[in-house]
Amino acid sequence: MSTSHRPSDETLAAFAAGQLDEGLALVVACHVEAEPESRRRLRELQAISGALLDAIEPVALTSGLPDIGAVTRDAPLTASVTLARDAGLPRVLRPYGLGPWRPVGVRIAMRRVEVPGAESRVFMLRGGPGIALPHHKHSGLEWTTILNGAYTHEYGRYAAGDFDEAQSEHEHTPRVDPAEGCTCIVALTGKVILQGWLGRLLQPLVRF
């Protein structure tokens, strides 16, 4: 888990090359839209990639690389979702379908984000001021971009636009800002594994 609140260079390079799962890429795109320093670093990595491509012999592509622009243009929507045009949402989210907000705990609600072709599960999570999520870890990746408000955990405080890149070895207990609350977009590639006796008791009820 990075304490810089920005994606690692490895993650940005994979994003620039179109090598990320589409759900993970969408969460990175939400961060890049909000964070000028990450946009600057992304342009540097794209320039380096372009220079490397210029130095090698061209070969025919066998398939198109994933492209966040193409995904946003072609994403089919089901009748049960609405377009993500809520005020204040990142522009890159607008073509995607959003499910309704559903409660998943006391003052915690979740809405599905429809990302066709993604292997990761993508959703928005909204926590009321001052709540704490159970102590947990993951069996895969958990990438989060804060859309508004803030939360803190063992690795720092994350506010609007920040990126939280958790791997399977990280455990944390997010606590929502007591004044602002928090809304974020999350992509998961594995399971949320609650810790402690209470966590094990609640594990069958976990729905994200």
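These legends accompany several close-up views of a predicted model.

**Figure 1. The protein as a whole, a predicted model with five helices and 13 strands.** Before zooming in, it helps to have the overall picture. Of the 208 residues in the protein, 44% are buried. Taking contacts between residues at least 6 apart in sequence, 64% join residues at least 24 apart.

**Figure 2. Helix α2, residues 22-34, seen along its length.** Let us start with the helix that turns up in several of the views below. The 13 residues of α2 should span 18 Å at 1.5 Å a residue, and the C-alpha atoms at its ends are 19 Å apart, so the expected and modelled spans agree. Helix α2 is mostly covered, with ten of its 13 residues buried. The buried residues of α2 are G23, L24, A25, L26, V27, V28, A29, C30, H31 and V32. At the start of the helix, look for D21: one of its side-chain oxygens comes to within 2.9 Å of the backbone nitrogen of G23.

**Figure 3. Where helix α1 crosses helix α2.** Here α1, residues 9-16, joins the scene. The two helix axes come within 11 Å of each other and cross at roughly 105 degrees. This angle falls between 65 and 115 degrees, so α1 counts as roughly perpendicular to α2. On the α1 side, the contact is made by T11, L12 and F15, while α2 supplies A25, V28, A29 and V32. Sorted by class, the contact has six nonpolar residues, one polar residue and no charged ones.

**Figure 4. A17, in the loop between α1 and α2.** This view stays with the same pair of helices and turns to the loop that joins them. A17 has a relative accessible area of 28%, which lies between 20% and 50%, so this residue is partly exposed. S49 is 32 residues away from A17 along the chain, yet the C-alpha atoms of the two are separated by 8.1 Å.

**Figure 5. T145 of strand β7 and its link to V27.** Strand β7 covers residues 142-153, and T145 lies within it. With a relative accessible area of 1%, under the 20% cut-off, T145 is buried. Its side chain reaches the backbone oxygen of V27 at 2.9 Å, and V27 is itself one of the buried residues of α2. Setting aside neighbours within four places in sequence, T145 is in contact with V27, C30 and H31, and also with G161, D162, F163, C184 and I185.

**Figure 6. V115, in the loop between β4 and β5.** The loop follows β4 (108-114) and leads to β5 (121-127). V115 is buried, with a relative accessible area of 10%. Not counting residues up to four places away in sequence, V115 touches E22, G23 and L26, along with Y96 and V122. Another landmark here is L98, which is 17 residues from V115 in sequence and 9.5 Å from it in space, C-alpha to C-alpha.

**Figure 7. T173, in the loop between β10 and β11.** Our last stop is a loop with β10 (171-172) on one side and β11 (175-176) on the other. T173 has a relative accessible area of 14% and is buried. Leaving out neighbours within four places in sequence, T173 is in contact with L133, P134 and H135, and with T152, H153 and E154. Of these contacts, T152 and H153 fall within the 142-153 range of strand β7.

Technical notes. Residues are numbered from 1 along each chain as its sequence is written. This is a predicted model: local features need pLDDT of at least 70, side-chain atom pairs count only at pLDDT 80 or more; totals for chains, interfaces and linings use all residues. Side-chain values use heavy atoms; hydrogens and water are left out. Helices (H or I, at least four residues) and strands (E, at least two) are DSSP runs, numbered from the N terminus. The expected span of a helix is 1.5 Å times one less than its number of residues. Buried means under 20% relative accessible area, exposed over 50%, partly exposed in between (1.4 Å probe, protein chains only). A polar contact is a pair of N or O atoms within 3.5 Å; within protein, one must be able to donate a hydrogen and the other to accept it, and residues adjacent in sequence count only if both atoms are side-chain atoms. Axes are lines fitted to C-alpha atoms, for helices over the stretch in contact, and angles run from 0 to 180 degrees between N-to-C directions. Angles under 35 degrees count as roughly parallel, over 145 as roughly antiparallel, 65 to 115 as roughly perpendicular and the rest as oblique. Contact means heavy atoms within 4.5 Å. Ala, Val, Leu, Ile, Met, Phe, Trp, Tyr, Cys and Pro count as nonpolar, Asp, Glu, Lys and Arg as charged, and the others, Gly among them, as polar.
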